[in-house]
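Reader: I would like to learn to read this model feature by feature. Where should we begin?

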Amino acid sequence: MSLLHRRHRLVSLATAATLALGLPAVGATLLAGPAQSADPAADCKAPFPVDEIAAGDAVNGLTVVRGTTPTTFTGEVLGVVEDGIGPDIPMVMVDLDMPEFASTGGIWQGMSGSPVYTADGRLLGAVGYGLATGPSPIAGITPFEHMNDYFPDAPAAPTRVALGKAAARTVAARAGISTGEAARGFRELPMPMGISGLSARRLAHLQAKAPALVEKSSYVLGRAAAAAPGAETMVAGGNLAVSAAYGDVTMAGIGTVTSVCAGRVVGFGHPMALFGATTMGLHPADAVYVQPDPVAAPFKVANIGPAVGTVTDDRLTGVTGTFGAAPASAAITSNVTYGTRSRTGSTAVSVQDFAPDVTLMQLVANQDRVVDGAAKGSSLLTWQVTGAEGGKPFSLSYTDRWTSSDLSFESALGVAELVAYLRSLDDVTIGSVTATANLTDDLRRHTLAAVEQRRGGQWVRVTRRAPAIGRAGKTIRLRAVVGGRAGKQVVPLKPISLPKRARGVLMLVAEGGDGAWASPSGTRTSQVGAALAKQLRHDQIRVQVGTPNKVDLGGSDLDELLEMLGRRRASFVQSQTSAPLGHVVAGSKTLSVFVR
């Protein structure tokens with residue numbers, strides 16, 4: 001089973017983030033912000049106590065439809081759902097109205113956090129929930145008096161809030177839906193993960209081929225304009241974006257600022273992923289338009305600017321960030337060369353759990369960009385992963401050659417799986433991933449054609465009927481012969497020693513590296529490094545001689561048969577590996593050695 005399907009994801013942002021659009025790549029280990037960025041104007045609004053609100057009370061609010069300037073909406077309080085968000089945290093139901101609802105049908109993804117004020121100007125709370133039945137002007141409001149109450153042991157965030165019969169009848173009458181539909185209650189405004197840097201076709205491909213790394217609900221949008229919005233646009237009702245990664249590939253969600261005070265910003269009205277204490281990028285954004293969706297919730301399309309601070313809390317009632325320094329991040333960098341074309345791209349990942357995801361997407365996105373078409377051919381890929389294990393630095397590196405009709409995906413997947421495996425180890429933090437790929441259009445492969453033995457002064461082909469012959473305590477000289485579209489070539493190997501205890505018929509297994517890739521192994525980074533040092537490259541040949549219990553058969557049916565027959569007795573194996581060839585080597589041979 002692939003490591004991707006064994007990987008345990010600690011948390012998924014797919015149900016808690018909206019869209020994201022990237023800007024030019026960052027080249028450092030920080031989510032770099034603009035050289036100068038003024039903090040937004042503070043509002044420091046006083047909260048309105050929920051126990052003083054009453055059905056029929058008029059409210060008004062702020063949100064952004066296009067650009068960065070908030071526009072107003074109005075509404076009427078329908079009632080309060082006690083404990084609707086969490087123990088002792090009620091939800092206020094309101095019926096909102098604004099001209100845009102004529103096309104959207106109601107509130108949209110991206111309105112999360114939009115401040116709602118009472119008639120006296122105090123802050124009632126933030127739009128955070130919508131009806132589970134689809135587009136509707138009915139919203140669930142998260143009380144502002146609870147949005148700063150971030151406790152370490154926050155209860156699990158509700159994804160849906162049921163309504164009682166009386167409340168359902170009220171909502172049904174105002175929303176124009178059946179009482180049964182209204183009884184399904186409210187849910188968090190859905191916010192599927194937005195990913196920049198990949199085409200829609202490529203994103204769909206990654207979702208199908210690597211579902212553990214790319215969420216099904218993710219979708220792709222375009223690039224941001226050169227003139228990015230600054231922190232000064234992040235006022236109450238303005239756009240608020242929160243990122244797990246930013247650069248060539250951006251993974252982020254966008255909502256709305258609820259309030260700004262004393263260099264801090266509060267928004268969303270519900271968690272992004274309920275990380276608790278966290279370090280995510282805090283970004284301004286520029287809304288392009290609101291996309292209607294008659295089936296699900298409409299959503300806001302927006303461009304995200306560079307980070308202007310750090311989101312420090314992702315809690316039950318919203319997210320909170322501080323303006324200033326961006327969070328420390330792992331740099332995922334790739335350099336791709338294809339003929340005369342070359343490009344270096346980078347993405348900064350502030351949430352460690354997404355380092356594998358971004359590794360895959362960064363490498364794929366940059367290769368797709370440089371090739372600018374189907375990447376069919378070969379790639380000589382060198383990568384290095386650095387980080388810390390228990391505070392102690394480590395560095396792992398590897399070089400391999402790939403040949404494929406989908407070169408971008410297949411060559412990047414192995415690196416992403418390795419990063420995912422490292423993240424699964426205890427107390428391992430990824431510091432950087434650097435990959436260098438040299439691509440060609442060459443689809444030729446070598447095929448392992450024969451194994452020959454030097455015997456009697458000449459090279460003799462080893463076959464099943466004519467095994468190699470050796471003496472215990474001596475060496476045998478073998479070589480491989482490859483053919484195929486890449487041409488015939490003789491591949492020398494160092495002599496193989498036969499132990500003095502060797503007797504009878506031994507196994508001789510020769511294999512090209514194209515089918516020999518193994519998943520990472522080891523419980524410590526040093527063990528992973530040792531396993532990589534023994535790994536057979538795709539462009540190498542390995543020859544093993546030994547007893548069946550020791551020869552690595554790659555988990556083949558023959559391996560299982562020998563196990564069942566009880567022939568896996570402890571003994572020995574000797575092997576030699578060729579130097580890397582100029583092409584990937586496919587094929588294998590299972591032969592014998594007769595020891596006198």
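Reader: Take S379. Is S379 buried or exposed?

Author: Start with relative accessible area; under 20% counts as buried. This is a predicted model. In it, S379 has a relative accessible area of 1%, so S379 is buried. The residue lies in strand β21, which spans residues 377-389.

Reader: What does S379 touch, leaving aside residues up to four places away in sequence?

Author: S379 touches D400, R401 and W402. It also touches L407, A437, N438 and L439.

Reader: Now T399. Where is T399 found?

Author: T399 is found in strand β22, residues 392-404.

Reader: Is T399 buried, partly exposed or exposed?

Author: The partly exposed class lies between 20% and 50%. T399 has a relative accessible area of 25%, so T399 is partly exposed.

Reader: Which residues does T399 touch, not counting those up to four places away in sequence?

Author: Read contacts together with distances. T399 touches L380, L381, T382 and R537. Take L380: T399 and L380 are 19 residues apart in sequence, yet 7.3 Å apart in space, C-alpha to C-alpha. For T382, look at the side chains. A polar contact of 2.9 Å joins those of T399 and T382.

Reader: And A231? Is A231 buried or exposed?

Author: Apply the same test. A231 has a relative accessible area of 1%, so A231 is buried. Its place is in the loop between β10 (219-220) and β11 (239-247). Compare sequence with space again. A231 and G309 are 78 residues apart in sequence and 8.8 Å apart in space, C-alpha to C-alpha.

Reader: Next, disulfides. How many disulfides does a search of the whole structure find?

Author: A disulfide is a covalent bond between the sulfur atoms of two cysteines. The search of the whole structure finds 1. C44 and C261 form it, with their sulfur atoms 2.0 Å apart.

Reader: Which parts of the chain does the pair link?

Author: The pair links distant parts, 217 residues apart. C44 sits in the loop between α1 (3-6) and β1 (58-63). C261 belongs to strand β12, residues 251-261.

Reader: Why is the disulfide of C44 and C261 given a handedness?

Author: Look at the torsion about the S-S bond. For C44 and C261 it is about 100°, so the disulfide is right-handed. Check accessibility too. C44 is partly exposed, at a relative accessible area of 40%. C261 is partly exposed as well, at 33%.

Reader: Now helix packing. How do the axes of α6 and α7 cross?

Author: Take the axes, then the angle, then the hand. Helix α6 covers residues 355-371 and helix α7 covers residues 407-424. Their axes come within 8 Å and cross at roughly 160°. An angle over 145 degrees counts as roughly antiparallel, so α6 is roughly antiparallel to α7. The crossing of α6 and α7 is right-handed.

Reader: Which residues of α6 and α7 meet?

Author: On the α6 side, they are A355, P356, T359, L360, L363, V364, Q367 and D368. Those in α7 include L407, F409, A412, V415, A416 and V419. L407 of α7 has come up already: S379 touches L407 too.

Reader: Finally, the whole chain. How many helices and strands does the protein chain have?

Author: The secondary structure comes to 9 helices and 35 strands. Buried residues make up 55% of the 596 residues in the protein chain. For contacts, look at sequence separation. Among contacts with a separation of 6 or more, 74% come from residues 24 or more positions apart.

Technical notes:
Residues are numbered from 1 along each chain as its sequence is written. This is a predicted model: local features need pLDDT of at least 70, side-chain atom pairs count only at pLDDT 80 or more; totals for chains, interfaces and linings use all residues. Side-chain values use heavy atoms; hydrogens and water are left out. Helices (H or I, at least four residues) and strands (E, at least two) are DSSP runs, numbered from the N terminus. Buried means under 20% relative accessible area, exposed over 50%, partly exposed in between (1.4 Å probe, protein chains only). Contact means heavy atoms within 4.5 Å. A polar contact is a pair of N or O atoms within 3.5 Å; within protein, one must be able to donate a hydrogen and the other to accept it, and residues adjacent in sequence count only if both atoms are side-chain atoms. A disulfide is a pair of cysteine sulfur atoms within 2.5 Å. Axes are lines fitted to C-alpha atoms, for helices over the stretch in contact, and angles run from 0 to 180 degrees between N-to-C directions. Angles under 35 degrees count as roughly parallel, over 145 as roughly antiparallel, 65 to 115 as roughly perpendicular and the rest as oblique. A crossing is left-handed if the near helix is turned anticlockwise from the far one by less than a right angle, and right-handed if clockwise.
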